[in-house]
Amino acid sequence: MARAVLALAAILALVASSCPAVSLAHRQKRQPPILARGLSLDFYRQSCPRAESIVRDFIKDAVRKDIGLAAGLLRLHFHDCFVQGCDASVLLVGSATGPQDQMGEQRAPPNLRLRPSAIRAISDIRDRLERECRGAVVSCSDILALAARDSVVVSGGPDYEVPLGRRDSPRFATMQDVIAGLPAPSSTVPALLAVLNKINLDATDLVAISGAHTVGLSPCSSFEDRLYPRQDPNMNPPFAARLRQICPAKGVNRSTVLDVSTPNAFDNRYYVNLVNREGLFVSDQDLFTNPATRPIVTRFARSQREFFEQYGVSVAKMGQINVLTGSRGQVRRNCSVRNPGTV
Ligand code: HEM
Ligand SMILES: *[C@@H]1O[C@H](CO)[C@@H](O)[C@H](O)[C@H]1NC(C)=O
Ligand SMILES: *[C@@H]1O[C@H](CO)[C@@H](O)[C@H](O)[C@H]1NC(C)=O
């Protein structure tokens with residue numbers, strides 16, 4: 001009898017950890033662990049009560065038509081928050097030519113392959129929200145945080161609360177700030193942690209938010225140094241052989257999926273891949289190689305539920321890096337340009 005109960009419990013635990021619908025049905029939406037001053041969970045309750053459902057509906061539709069948009073929006077939110085804070089500065093377009101400090105973040109090397117569809121989606125959502133609640137009520141940085149959350153949800157990942165009330169910066173960061181803020185894919189754990197610690201994220205946050213690499217694509221250029229001239233010993237040889245077919249030499253302009261087992265689903269397979277030494281970037285695989293982060297990787301590989309819970313916590317932290325609130329910054333009328341009359 002006791003044994004039967006144990007077996008049943010084991011089966012239930014297995015089902016719960018492998019099936020998000022079951023594990024989340026009984027759970028409250030994950031509450032943010034911290035709330036930056038000026039942010040709140042019901043910021044638009046008076047001024048734009050349908051804001052969240054408008055974003056959710058848009059993302060549902062748009063991701064159904066283009067699955068890659070989910071990855072594009074996740075990455076855009078990350079590239080916004082890690083550079084100068086979550087202030088939508090990444091969306092500002094600078095001058096196409098002229099001095100580097102007037103070129104805009106999108107022209108910095110780490111941002112060259114942000115998906116145009118993701119940038120367009122934020123602007124389209126803003127237009128819809130403007131029709132619903134006139135007068136520049138909802139900020140571009142809040143739209144981006146919500147769109148990233150909803151992209152996760154529609155891809156099968158966890159739902160979590162997004163604190164709102166961010167305001168947009170009228171200024172973009174310099175090229176150097178973008179490069180310093182966004183680690184290269186060749187980075188190992190100490191270098192990654194050096195960047196994250198500066199913005200108050202820790203090793204658990206690093207492992208959890210890197211889990212966003214469960215969706216999306218990468219060009220060969222970001223991992224070809226692991227194949228040529230010689231193979232990275234931390235890469236599983238059959239996996240390396242497959243990658244060499246996709247990228248037959250250095251400098252080939254092609255892409256492949258970040259999560260080799262379930263490329264479009266937001267799940268914990270990314271961590272299972274790392275345990276199998278099938279991570280695409282050094283910055284992915286080193287999370288398993290380095291003893292400081294390895295136990296976190298194995299925990300998330302074993303339990304999708306634990307990954308989902310931590311993702312909500314860590315991405316909520318990421319989403320509150322250096323936010324502008326209150327009367328700081330502005331609510332942009334056009335997400336790609338600062339409001340007229342501001343400097
Ligand atoms: C921790 C250090 C990280 C590094 C070094 C890194 C690096 C990269 C690189 C090199 C790519 C390939 C895209 C390209 O080169 O054009 C990529 C793609 C991607 N990254 Fe990261 N990333 C990191 C963290 C994150 C985080 C925190 C998120 C989100 C929470 C994220 C989300 C994504 C997504 C979704 C894609 C696929 C984009 C698409 O298909 O358009 N990454 N990342
Ligand atoms: C790589 O190929 C894509 C189309 O597949 C093209 O749009 C892009 O311009 C190419 N990039 C380079 C550097 O040749
Ligand atoms: C927003 O600004 C950009 C850049 O100047 C422009 O191309 C675009 O048409 C503007 N969008 C709207 C809705 O006015």
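In this predicted model, R277 is a good place to start: with a relative accessible area of 32%, R277 is partly exposed, because a residue counts as buried under 20% and as exposed over 50%. R277 sits in the loop that links α11 (269-275) with α12 (282-289). Its backbone deserves a look as well, since R277 is not a glycine and yet has a positive phi of about 55°. As background, most residues other than glycine have a negative phi.

A second residue invites the same kind of inspection. A88 is likewise a residue other than glycine with a positive phi, here near 60°. A88 belongs to the loop between α4 (68-81) and α5 (116-132). The relative accessible area of A88 is 0%, so A88 is buried, whereas R277 is partly exposed. The backbone has a further feature of interest at Y228 and P229, which are joined by a cis peptide bond with omega at about 0°. P229 is placed in the loop between β1 (217-219) and α10 (237-246). For context, most peptide bonds are trans.

Following the chain from R277 leads into α12, the helix at the other end of that loop. Helix α12 is mostly covered, with 6 of its 8 residues buried. These buried residues are S283, D284, Q285, D286, L287 and F288. The cover over them includes α8, α9 (203-210), α11 and α13 (294-302).

On the other side of α11, the loop between β2 (255-257) and α11 holds V260. The relative accessible area of V260 is 24%, so this residue counts as partly exposed. Leaving aside neighbours within four places in sequence, V260 is in contact with F239, R242, N273 and E278. One of these partners, E278, is 18 residues from V260 in sequence, and the two C-alpha atoms are 7.6 Å apart in space.

The next stop is the surroundings of ligand 1. There are 24 residues around this ligand, and those that come nearest are R113, R115, H213, L217 and S222. Two arginines contribute polar side-chain contacts: an N or O atom in the side chain of R113 is 2.6 Å from an oxygen atom of ligand 1, and for the side chain of R115 the corresponding distance to an oxygen atom of the ligand is 2.6 Å. L217 takes part through its backbone, where an N or O atom lies 2.8 Å from an oxygen atom of ligand 1. Ligand 1 also carries an iron atom, and the only protein donor to this iron is NE2 of H213, at 2.1 Å. H213 is located in the loop between α9 and β1.

Ligand 3 has a shorter list of surrounding residues to describe, namely N334, S336 and V337. Of these, N334 offers a side-chain N or O atom that is 2.3 Å from an oxygen atom of ligand 3. Taken alone, ligand 3 exposes 360 Å², and the protein buries 33% of that area.

Helix α6 (residues 140-154) supplies R149. With a relative accessible area of 1%, R149 is buried. The side chain of R149 reaches the backbone oxygen of Y160 at 2.6 Å. Not counting residues up to four places away in sequence, R149 touches K29, E52, R56, D159, Y160, E161 and V162.

Finally, the annotations can be set beside the coordinates. An unreviewed UniProt entry lists residues 38-339 under "domain: Plant heme peroxidase family profile". In the model, this span is 45% helix and 2% strand, and its end C-alpha atoms lie 22 Å apart. For "binding site", UniProt lists P183, again in an unreviewed entry. P183 is found in the loop between α7 (175-181) and α8 (189-198). P183 counts as partly exposed because its relative accessibility is 25%. When residues up to four places away in sequence are not counted, P183 touches L192 and V195.

Conventions
Residues are numbered from 1 along each chain as its sequence is written. Chains are lettered from A and ligands numbered from 1 in the order in which they are written. This is a predicted model: local features need pLDDT of at least 70, side-chain atom pairs count only at pLDDT 80 or more; totals for chains, interfaces and linings use all residues. Side-chain values use heavy atoms; hydrogens and water are left out. UniProt positions are given in the numbering used here, feature names are shortened, and annotations may be inferred rather than shown by experiment. Helices (H or I, at least four residues) and strands (E, at least two) are DSSP runs, numbered from the N terminus. Buried means under 20% relative accessible area, exposed over 50%, partly exposed in between (1.4 Å probe, protein chains only). Contact means heavy atoms within 4.5 Å. A residue is near a molecule or strand if one of its heavy atoms lies within 4 Å of it. A polar contact is a pair of N or O atoms within 3.5 Å; within protein, one must be able to donate a hydrogen and the other to accept it, and residues adjacent in sequence count only if both atoms are side-chain atoms. Accessible areas come from the Shrake-Rupley method with a 1.4 Å probe; for residues, only the protein chains shown count as cover. Donors are N, O and S atoms within 2.8 Å of the metal (3.2 Å for Na, K and Ca); water is not among the atoms, so sites may look incomplete.
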